[in-house]
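Dear colleague,

Please find below the structure that I am handing over to you. My findings follow it, and I would be grateful if you would read them alongside the coordinates.

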Amino acid sequence: MGEINKNSYDVTDLTSLEKLEPVRIRPGMYIGSTGSKGLHHCIWEILDNAIDEVSNGYGDKATIILNKDKSLTVIDNGRGIPTGLHPIKKKSGVEMVYTELHTGGKFNNKNYKTSGGLHGVGAAVVNALSKWLEVEVYQNKKIHKQRFEYAYDKQLKRDMPGTPVTKLQVIGDSNATGTKVTFLPDKEIFSTIDFKFDVIDERLQELAFQNKGMKLELIDRRKEEEVKKEYLSERGLLDFIDYLNESKTPIHATPIIFEGEKEVNGISMYGEVCIQFTDSTTDYIASYVNNIPTTEAGTHETGFKTGMTRAFKDWARKLNLIKEKDKEFEGDDLREGLTAIVRIKVSNPMFEGQTKTKLGNNEAYTMMNEITFTKLGEWIEDNKEVATLIINNALDAAARREKIKKINEAEKKKIGKGTAPLAGKVAVCTMKDKSVNEFIVVEGDSAGGSAKQARDRRFQTIMPSKGKIMNTEKQKLENVLASEELKIFNTAVGTGTLDNYKEEDLKYDKIIIMSDADVDGYHIRTLWMTYIYRYMKPLITNGHLYLAQPPLYKVYKGQRLMYAYTEEELEGAKKKIGKGCFIQRYKGLGEMNPDQLWETTLNPETRTLHRVTIEDASKSEKMVSLLMGDIVEPRRNYMYKYGEF
């Protein structure tokens with residue numbers, strides 16, 4: 001026999017993943033992440049199916065229940081998943097939907113004109129990532145039930161995700177119709193299986209605005225006293241725009257709302273837009289496709305922007321607000337202070353990526369561009385006074401942009417490439433490796449002094465922040481650019497701001513905001529986050545922005561010492577150290593000596609950092625506006641409701 005060829009490669013070398021195994025091997029491909037965001041994505045996959053029934057006219061109510069055992073239930077009163085046997089596969093519709101990828105009634109347009117759960121993988125993916133899942137279907141006056149578990153598969157002779165452990169059985173009679181799904185996420189997959197009430201609350205609020213007349217319900221049974229909240233919007237997007245602009249001052253009382261339908265290349269589409277201009281210095285657009293938030297925008301949003309700019313430029317000339325030789329405003333100038341909701345329904349949406357955050361259909365661009373241009377043109381003709389105000393604001397913004405460009409250029413010449421403005425104000429690290437270096441903004445001079453002593457000077461740069469920076473929410477751009485503190489920050493970080501932002505010029509991998517664990521520290525953190533959100537957003541979207549979490553308590557007795565970062569940890573530390581222990585409540589970072597500050601808040605091995613994400617752009621925008629806006633009442637209510645950003 002000849003020598004075995006070590007480089008041979010044949011069919012026996014191929015790994016075959018059966019049934020739902022691919023989902024467990026690479027969950028991120030299907031739900032985006034295995035953190036809190038991915039966990040909540042599982043709810044949206046099941047809820048999308050319920051909403052699809054309602055938005056296609058087959059029901060009017062959906063309920064989410066958070067159960068004591070950490071499982072979650074979604075109930076709708078739609079038609080119920082088909083329970084009949086498939087003629088070829090000899091399996092029930094329920095079993096196919098929950099055990100096979102790309103099974104569903106949404107691949108042709110007979111059952112659903114439009115659908116959020118399009119990929120046909122949602123239900124099966126949730127089953128694959130659950131410890132167990134139960135489905136009840138109310139149909140044909142019967143209650144059908146089936147249970148799936150991560151369990152032994154007789155055919156494959158190994159444990160498999162989403163294995164049916166019962167057949168679809170009739171367990172009772174009922175005149176109701178609909179589906180009830182309960183699942184327990186697998187803690188082997190997810191870093192947390194704690195569902196957050198406020199994340200679900202925000203999403204249901206948005207869905208109610210988008211589906212007027214639909215009843216939604218959230219029930220939390222995890223604590224002794226049940227919490228129940230109901231959502232219903234009679235005015236739809238008009239209620240939504242009021243909600244988004246709660247802490248802003250609109251410059252025209254009645255929002256602009258329009259809708260239209262169109263078929264492009266055989267794809268039928270319906271679009272609805274609601275717009276209101278406010279006194280804010282920035283714009284905010286919430287966009288959706290078939291009820292799904294498209295946080296990364298896409299062709300529908302681009303089409304809307306183009307159509308809006310065309311309509312207002314067209315009328316600017318008709319109203320003699322721009323003469324032939326005048327410089328026009330750009331789309332960005334026009335959108336200053338804009339709040340808009342753009343939602344479309346598409347029979348065949350093409351999303352970029354399974355998590356459906358960006359729309360790719362060119363047809364959606366064409367439709368939204370044309371509908372927006374036509375409908376806004378009609379509105380401007382009937383509302384020339386308000387339109388003139390909006391156009392004049394855009395022309396002012398364009399003039400300001402030119403002025404800022406000159407300020408920026410002058411600033412660049414002054415600074416050159418050196419770090420002169422940082423001398424004595426920032427303790428710069430010695431290493432030049434931007435992939436590990438950290439830039440830490442520390443509240444107050446005394447804590448800044450301790451942090452300079454405590455840091456690892458090789459890779460940690462410290463910038464002591466003098467109290468509170470300006471509130472950039474309502475400030476004019478030129479005032480923000482003139483702020484000394486923000487100039488120091490910008491120079492040190494190196495990326496530039498707004499349109500001049502360049503990721504390749506970033507000098508640090510992590511930007512860390514370190515403030516006291518009290519109301520003032522919370523406010524300082526929010527001011528910095530607002531500034532970065534407005535002027536250096538990619539620092540957040542590219543995962544560079546973090547919040548340091550200083551300890552709330554020191555628990556000690558003799559030589560034994562523990563730090564507690566939450567009230568729960570405090571209870572645990574008291575038990576571990578035992579009776580007679582002393583508890584010190586830290587009021588601020590300045591109370592810690594450099595050793596303690598290093599151990600608790602600066603040392604990568606022992607500290608706790610929270611990465612700031614824009615999980616839900618609508619929520620972030622509303623939060624920033626509420627916390628930073630002029631109107632006090634909604635801000636006070638919000639701060640009572642949520643103790644942390």
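Strands, as the term is used here, are DSSP runs of at least two residues, numbered from the N terminus. Please note that this is a predicted model.

I begin with aspartate 76, which lies in strand E2, residues 72-76. Which side chain of opposite charge is nearest to this buried aspartate, and how far away is it? It is arginine 79, at 8.5 Å, and aspartate 76 has no salt bridge. A salt bridge would require a side-chain nitrogen of Lys or Arg within 4 Å of a carboxyl oxygen. The side chain of aspartate 76 does, however, reach the backbone nitrogen of glycine 78 at 2.7 Å. Leaving aside neighbours within four places in sequence, the contacts of aspartate 76 are Ala50, Lys61, Ala62, Thr177, Gly178 and Thr179.

The next element is helix H6, which covers residues 197-210. Its 14 residues reach 20 Å from the first C-alpha to the last, close to the 20 Å expected at 1.5 Å a residue. Of these 14 residues, 11 are buried, so H6 is largely enclosed by the rest of the structure. Charged side chains are included in the buried set: Asp201, Glu202, Arg203 and Glu206 are among its members. Val199, Ile200, Leu204, Leu207, Ala208, Phe209 and Gln210 are buried as well.

Turning to the sheets, one open sheet has 5 strands in the order E10-E11-E14-E12-E13, and its pairing is mixed. Its edges are formed by E10 (256-264) and E13 (292-293), each of which pairs on one side only. E13 is joined to strand E12 (residues 284-289) by 2 bridges in the antiparallel sense. Within this pair, tyrosine 288 has proline 293 of E13 as its bridge partner.

Finally, I draw your attention to strand E18, residues 545-548. In a regular strand the side chains alternate between the two faces of the sheet. In E18, Leu545 and Leu547 point one way, Tyr546 and Ala548 point the other way, and all are buried. Strand E17 (residues 510-514) pairs with E18 in the parallel sense over 3 bridges, and isoleucine 513 stands opposite leucine 547. E18 is also joined by 3 bridges to strand E22 (residues 609-611), in an antiparallel arrangement. There, leucine 547 stands opposite histidine 610. Leucine 547 thus faces isoleucine 513 and histidine 610.

With kind regards

How values were computed: Residues numbered from 1 in each chain as written. Predicted model: local features only at pLDDT ≥ 70, side-chain atom pairs only at ≥ 80, totals over all residues. Heavy atoms only, no water. Buried < 20%, exposed > 50% of the residue type's maximum accessible area, 1.4 Å probe, protein only. Helix = DSSP H or I, 4+ residues; strand = E, 2+ residues; numbered from the N terminus. Pairing = 2+ DSSP bridges. Lys, Arg positive; Asp, Glu negative; His and termini not counted. Polar contact = N/O pair within 3.5 Å; in protein donor to acceptor, adjacent residues only side chain to side chain. Contact = heavy atoms within 4.5 Å. Expected span 1.5 Å × (residues − 1).
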